[in-house]
Amino acid sequence: MKKQASDMGRRQMLKAIALGSVAGAVASVSTPALAASPKATDEPSSNNYRETEHIRNYYASLSK
């Protein structure tokens, strides 16, 4: 009887390993598909950039 109890533990472990490998395969296949899907975000507008005097001074200091 004791031998049967240990076999059930081994069977459960093998089932878990098999299911884990299947889940890993599904995850690796679905990840590139999710990454390739287009995003529904707007393009950042260029109205956020303002070239002020201190920015022009910085740009001038780079060319020296």
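**Entry 1: the surface patch.** I began with the surface of this predicted model. I found that Y49, Y58, Y59 and L62 form a nonpolar patch there. I noted about 460 Å² of accessible area for these residues together.

**Entry 2: Y58.** I then looked up where Y58 sits in the chain. Helix α2 covers residues 53-62, and Y58 lies in it. I also asked: is Y58 buried or exposed? Neither word fits, because Y58 has 48% relative accessibility and counts as partly exposed. The cut-offs I used here are under 20% for buried and over 50% for exposed.

**Entry 3: aromatic pairs.** How many aromatic pairs does the structure hold? I found one. Y58 and Y59 form this pair, with 6.2 Å centre to centre. I wrote down 50° between the planes, and the pair is tilted. The pair counts as tilted because its angle is neither under 30 degrees, as for stacked rings, nor over 60, as for edge-to-face rings. I checked the partner as well: Y59 is partly exposed, because its relative accessibility is 40%.

**Entry 4: the whole chain.** I ended with the totals. The protein chain has two helices and zero strands. What percentage of the 64 residues do buried residues make up? I recorded 0%. The protein chain exposes about 6300 Å². Carbon and sulfur atoms supply 61% of that exposed area.

Notes: Residues are numbered from 1 along each chain as its sequence is written. This is a predicted model: local features need pLDDT of at least 70, side-chain atom pairs count only at pLDDT 80 or more; totals for chains, interfaces and linings use all residues. Side-chain values use heavy atoms; hydrogens and water are left out. Helices (H or I, at least four residues) and strands (E, at least two) are DSSP runs, numbered from the N terminus. Buried means under 20% relative accessible area, exposed over 50%, partly exposed in between (1.4 Å probe, protein chains only). Accessible areas come from the Shrake-Rupley method with a 1.4 Å probe; for residues, only the protein chains shown count as cover. Patches are made of residues with over 30% relative accessible area and no salt bridge: like charges are joined within 9 Å, nonpolar side chains (Val, Leu, Ile, Met, Phe, Trp, Tyr) within 5 Å. A salt bridge is a side-chain nitrogen of Lys or Arg within 4 Å of a carboxyl oxygen of Asp or Glu. Rings of Phe, Tyr and Trp (its six-membered ring) pair if their centres lie within 6.5 Å; planes under 30 degrees apart count as stacked, over 60 as edge-to-face and the rest as tilted.
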